[in-house]
Amino acid sequence: MTNTATTTKLRRSSTDKMIAGVAGGWARLLGVDAAIIRIVLVAATLLGFGAPILLYAICWMLMPQE
């Protein structure tokens with residue numbers, strides 16, 4: 001019996017980035033387009049939730065570069 005499960009680690013993208021690569025890293029982990037992650041972050045910020053900016057900054061500091 002062979003275990004072929006692969007683990008994907010959360011890392012900032014060095015190729016799919018606009019500012020720091022955080023959205024690109026999350027998109028790769030979730031298997032979606034990075035534009036969707038960016039749109040959700042911007043929409044949540046514009047709708048009055050300040051948490052996305054803070055979460056992005058925390059991820060920028062804590063997530064390792066690939």
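**Reading a surface patch**

Guide: Let us begin with Val32, which lies in the loop between α1 and α2, and keep in mind that the model before you is predicted.

Visitor: How should I read the exposure of Val32: is Val32 buried, partly exposed or exposed?

Guide: A residue is called buried under 20% relative accessible area and exposed over 50%, with partly exposed in between. Val32 counts as partly exposed because its relative accessibility is 38%.

Visitor: Which residues form a nonpolar patch on the surface?

Guide: A patch of this kind joins nonpolar side chains within 5 Å of each other. Here Val32 forms one together with Trp26, Leu29, Leu30, Ile36 and Val40, and their accessible area adds up to about 510 Å². Two elements, α1 (22–30) and α2 (34–46), each give two or more residues to the nonpolar patch, and α1 gives the most, with three residues.

Visitor: How many helices and strands does the chain have?

Guide: The chain has three helices and zero strands, so that, when it is read along the sequence, the pattern is α-α-α.

Visitor: What can I say about the overall dimensions of the chain?

Guide: One way is to compare the radius of gyration with that of a compact globule of 66 residues, which would be near 11 Å, whereas the chain has 14 Å. The C-alpha atoms fill a box of roughly 50 × 20 × 20 Å along the principal axes.

Visitor: What share of the residues is buried?

Guide: Buried residues account for 24% of the 66 in the chain, while the area that the chain exposes is about 5000 Å², with 68% of it supplied by carbon and sulfur atoms.

Methods. Residues are numbered from 1 along each chain as its sequence is written. This is a predicted model: local features need pLDDT of at least 70, side-chain atom pairs count only at pLDDT 80 or more; totals for chains, interfaces and linings use all residues. Side-chain values use heavy atoms; hydrogens and water are left out. Patches are made of residues with over 30% relative accessible area and no salt bridge: like charges are joined within 9 Å, nonpolar side chains (Val, Leu, Ile, Met, Phe, Trp, Tyr) within 5 Å. Accessible areas come from the Shrake-Rupley method with a 1.4 Å probe; for residues, only the protein chains shown count as cover. A salt bridge is a side-chain nitrogen of Lys or Arg within 4 Å of a carboxyl oxygen of Asp or Glu. Helices (H or I, at least four residues) and strands (E, at least two) are DSSP runs, numbered from the N terminus. Buried means under 20% relative accessible area, exposed over 50%, partly exposed in between (1.4 Å probe, protein chains only). The radius of gyration is taken over C-alpha atoms; the globule rule is 2.2 Å times the number of residues to the power 0.38.
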